[in-house]
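Work through the exercises below with the structure open. Each task is followed by a solution in steps.

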Amino acid sequence: MSEDDEPGRPQPPDPGSKKTRNCAAVHPSPHPDRVLEIVLEHVLQFLTARRDRNAASLVCKSWYRTEALTRSHVFIGNCYSVSPSRVTARFPRVRSVAIKGRPRFADFNLMPLNWGAHFGPWVATMGKAYPWLERVYLKRMSLTDRDLCLLGDSFVGFKELELVCCDGFGTGGLAAIASKCSQLRVLDLSDTEVMNDGVDWISCFPEGETCLESLIFDYVECPINFEALESLVARSPALKKLRLNREVSLGQLYRLMVRAPQLTHLGTGAFGPSEAQGASDQEYDYASAFSACKSLVCLSGFREIVPEYLPAIYPVCANLVSLNLSHANINVEQLKPIICQCRKLQVLWVLDSVCDEGLKAVAAACPDLRELRVFPFDPQEDAEGPVSEVGLQAISEGCPKLESILYFCQRMTNAAVIAMSKNCPDLVVFRLCIMGRHQPDYVTREPMDEGFGAIVMNCKKLTRLATSGLMTDRAFAYIGKYGKLVRTLSVAFAGDSDTGLKYVLEGCHNLQKLEIRDSPFGDAALLSGLHHYYNMRFLWMSSCHLSRQGCREVARALPRLVVELLSYEGNEKMDDGAVDVLYMYRSLDGPRNDTSESVTIL
Amino acid sequence: IENSNTYFAFSYKTHQTCNPIPTFTLTPLLLLRVRHQQISRVLQKAVEGSSRNIKERTCFLKESLNFFGLSELLGKKMGSFETDLNLEATELRLGLPGREESDKSSNGTRNCNKRPLSESEPRPDGDDEGPKAASAPKAQIVGWPPIRSYRKNNLQPKKAEAEAASGIYVKVSMDGAPYLRKIDLKVYDAYPELLKALENMFRFTAGEYSEREGYKGSEFAPAYEDKDGDLMLVGDVPWEMFITSCKKLRIMKGSEARGLGYGV
C-alpha cells in the first residue's frame, strides 16, 4: 500500500514529491517522469482486465500510483479481505464496484444465519469517497433498506444496481432506489430475496421517460402493481432486458410485450392462463407478440407452465442464443418442436423432465451449444433419474463446442465422462452432480476416478470443477497432477484420506476457491497447504475431520489469514472437538468485528 | 386370502420413494388391506401412476401378485410394463409385519462422514448397492443435492400451496338430490368421521362397511371419483391416499349401489 497518495484527492500526485530518483534536478515542465505518468494514464485507460491492471501496478511505484488513479472498476472477491477505507484510499476515482460476500455453500444452508457480509460499511465509506459512483454489483451480500436509501442519496448519477443472491432488504429499499436514482439504467435482482413490506416499489419510478435498460426481478416473491409496471415499460424506450416474476400472468405478459417489442432479453412470468382471471382472460395471440420482438435473443421464465402455450415462442426460436426452461416441467415431446428450431442456441438450461431423449434432441439440434445446465425436477437422492450417462454422451457428441456444463443425475458412468472429456476439449466448467452420495460407476461399479481424471487431463482449459459420486484419493491425484488451471474446486462426500487433499493443495497452483464438505480430510491435509493459502480467495471445509488444534496451527503459521470456525446450532461447545465448518481467507485488515455467536476467529 | 381380514405388511429392500405417488404411496412398511376382488384394481393403480418409479412399482406389483397366487393377472394388467421389469435390480422381500430392516445408510446429518462400507473397492456382489442400498428412509442431508431453495420451491405450483393452506374441497352429489354439496376433506381424520358427516348432510345411513361386501344393510353406497376418473368405493384405500386422490364424492343409491364392490 503506497503511502504516497493522499486519500480522496483526485489530482495526480505532485511530481516533485517522494520520487525515488533524480529528485534534485529541476527541468522545464513538463517533467519527464510526469510526462511518463501522463502517457501511462492514457495508456492504462485501455487496460480493463483486472489481472492486467494488478500486474501493471506491480511494476514500480510510479506505475502503482498511476494505475490506482486510473482504475475505474474495483472488484473485491471477498468482502472481508480488505476494509472499505483501504479501497477508497488506494483507488480514488472509482465509478464501479463489484463485491462478493458469502461463499457459495451458503446458498445450500451450510452457513449459520447472520454470518456477515454486510453492505452497510461499504456504502457508508464509498458514499463519502465516490460521489460519482455509477455501478454497484453485489453477490451474496446482506443489505438493509437503510443501505439502499443511503446509496440513493449518496450517488447522484447512479446507474446500475445488480444484486445477485443477496438478502436482507425489502420492497421499501427498492422504492428508495427507484425514486432516488433518476439515472437508473439497470436494476437487476437475480436470485435475490426481497421481503414483502407491502411497498409498491414499481410505482416509485419517476414520471416521464426513464433511462431503464434492464429490469430483472424474476425471483422476487412479491406481488407487483401491474398497471404501474405496464406504465413503466411504456415509458422506458431503452428497455432491453425484462425479467418478470411469477406473479405476472401470461395475459399481462402480452400487454407488456406489445409495449416493448425492442426487448432482447425476456423472462416470462407464469406461462399459462391464470386462475384469477379464469374464463374472462382474453385469449391473446401470444405468437404475434413474440414475433413482434424481432431482437429477442434470450428467453427465460416459463413458471407454472401450461405446455400447450409453448408454441407461442416458435417465432423467436431461430434467433435465440439463450433459453432457460429450468422451471418448466416439460417432457421430450414438448421440448422437441422448440429445440429443433433453435439452431443458434448457445446457452440452454432445462429440467431433467426432458429425459435422455430430450438431451439427444438437443444434441442433434444445437451444434453451437456452449453452456448446458440440467436441473433435477425432483432434487432428492433416491428419486428416479430421468437423465443419465446416455444424455451426457449424446450431448458430448452433438455439441463439441461445449464450454460449461452443470449436470444433475442419479447415475453416471466413467465411459460417458471420458467421452465428454475427449469430445468437448473446450470445456472450462465441468460440474457433475450424481445425486446419490458415494455412487460408483453405474455399470462397472468402480469409483468415478477415471472419469474426472480424464476431464482434468483432456480439457486443457478447465478452470472450474465440481465432483460427485464415489471418489478415491486417486481422483485427487489426477486433479493435482493435471488440473493446473483449476481455480475453483468443489468436493463433496469424496476421498479416502488426507492424501487426497494433499494432492490437490500441492498440485493445483492456480487454486483460488476450494470448497469441501463431508470428506475425510483432517489436520495433516490442512497443514500441507500452508504454502498456498495466501494465494487463495478462500478455503471452506465443513463436516470434515478437522480439529480446533489443527486450525489453530494454521492461524499461527499464517498471521494474515483469518481462520473462522463456524458452528451449527447446538454444537456451540467445541473445546477441542471436531470442527463443524472451517472458513478461512487472507485479509489485509485483520479479523472482522461483526461476527455473530456462531463464529469463532482463531 | 379371500376370507381373511388380516393386514399384511410388506417390507422391501429397495430405496423408498420420498414423494407420494398420486395413487399409491410406497413406504418401507406398507400396510395393505386387500380384498380379493379389488386386488387388481388397487395394484393396477400402482402401476398406472406417474411414470416415475415405474420399475419399483412393477416389481412390487409382480411380487405381490405372486404372493397372492394371482400371477395370471400379470399378463392382463401389465401390458407394456412387462418390458420394464427388471427384478434383479430391485430386490424385493416380502415379510410379516414387525421385521426390522438393517439400516445400512449413514446418518444423514451434517456430521456425517463416509458410509460404513469400504469405499475403495467396488461392491463385489453386483446387486445394486448404489442409490438403493439404504433401506430406511434417508434423513434429509442439509444442502444436498446442492440446489438453491428457490429451485425446489418453485416447482410446486402456487395452487398446491394454496390447497395445502386452505383445505381439500370436493363436491358431493347424491343420486336423486337436486343440488350438490361441498365438503373439506381435510377436516376429517378418518373414514368414520367422514361417513358420519355425509350421513348428517344427506340424511341417510350408509350401512356397515366390510371390504368384502362394501356397505351392507343400506341402499346407499358412498363412492368417489379419483384422479383417473374411476368410480371407487369409499373406504378401500388408506385415508391419506384417499384424500389426495379423491376428486368428487357420489352417494349412490339403489341397484347401482349394490352392484359396486363386486367384480372388477
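**Exercise 1: two ring pairs in chain A**

A:Phe476 and A:Phe521 are both buried. The model is a predicted one.

Task: find how many aromatic pairs there are over all chains, then classify the pair A:Tyr286 and A:Tyr309.

Solution.
1. The count over all chains is 27 aromatic pairs.
2. For A:Tyr286 and A:Tyr309, the distance is 6.0 Å centre to centre, with 70° between the planes, and the pair is edge-to-face.
3. This pair joins distant parts of the chain: A:Tyr286 lies in helix H10 (residues 286–292) of chain A, and A:Tyr309 in the loop between strand S11 (298–300) and helix H11 (314–317), 23 residues apart.
4. Both A:Tyr286 and A:Tyr309 are buried.

Task: explain why the pair A:Phe476 and A:Phe521 has its class, and place both residues in the chain.

Solution.
1. The ring centres of A:Phe476 and A:Phe521 are 5.7 Å apart.
2. Planes over 60 degrees apart count as edge-to-face.
3. The planes of A:Phe476 and A:Phe521 are at 85°, so the pair is edge-to-face.
4. A:Phe476 belongs to helix H17 (residues 473–482) of chain A, while A:Phe521 is in the loop between strand S19 (513–517) and helix H19 (523–527), 45 residues apart.

**Exercise 2: charges over rings**

Task: state which rings lie under the charged ends of A:Arg437 and A:Arg592.

Solution.
1. A:Arg437 has its charged end over the ring of A:Phe493, 5.4 Å from the ring centre.
2. A:Arg592 has its charged end over the ring of A:Trp115, 4.4 Å from the centre.
3. A:Trp115 is also part of a cluster linked by ring pairs, with members including A:Tyr80, A:Phe105 and A:Trp540.

**Exercise 3: a helix in chain B**

Task: check the length of helix H6 (residues 191–202) of chain B, then find its buried side.

Solution.
1. At 1.5 Å a residue, the 12 residues of H6(B) should span 16 Å; the end C-alpha atoms are 16 Å apart, so the two agree.
2. The buried residues in H6(B) are B:Tyr191, B:Leu194, B:Leu195, B:Ala197, B:Leu198 and B:Phe202.
3. These residues cover an arc of only 160° around the axis, so they are on the same side of H6(B).
4. The face turned away from that side carries the exposed residues B:Pro192, B:Lys196 and B:Asn200.
5. Among the elements covering the buried residues of H6(B) are strand S3 (169–174), helix H7 (239–245) and strand S9 (246–253) of chain B.
6. Just after H6(B), B:Arg203 has a positive phi of about 55°.

Methods
Residues are numbered from 1 along each chain as its sequence is written. Chains are lettered from A and ligands numbered from 1 in the order in which they are written. This is a predicted model: local features need pLDDT of at least 70, side-chain atom pairs count only at pLDDT 80 or more; totals for chains, interfaces and linings use all residues. Side-chain values use heavy atoms; hydrogens and water are left out. Rings of Phe, Tyr and Trp (its six-membered ring) pair if their centres lie within 6.5 Å; planes under 30 degrees apart count as stacked, over 60 as edge-to-face and the rest as tilted. Helices (H or I, at least four residues) and strands (E, at least two) are DSSP runs, numbered from the N terminus. Buried means under 20% relative accessible area, exposed over 50%, partly exposed in between (1.4 Å probe, protein chains only). A charge sits over a ring if NZ of Lys or CZ of Arg is within 6 Å of the ring centre and within 35 degrees of the ring normal. The expected span of a helix is 1.5 Å times one less than its number of residues. The arc is that of the directions from the helix axis to the C-beta atoms. Contact means heavy atoms within 4.5 Å.
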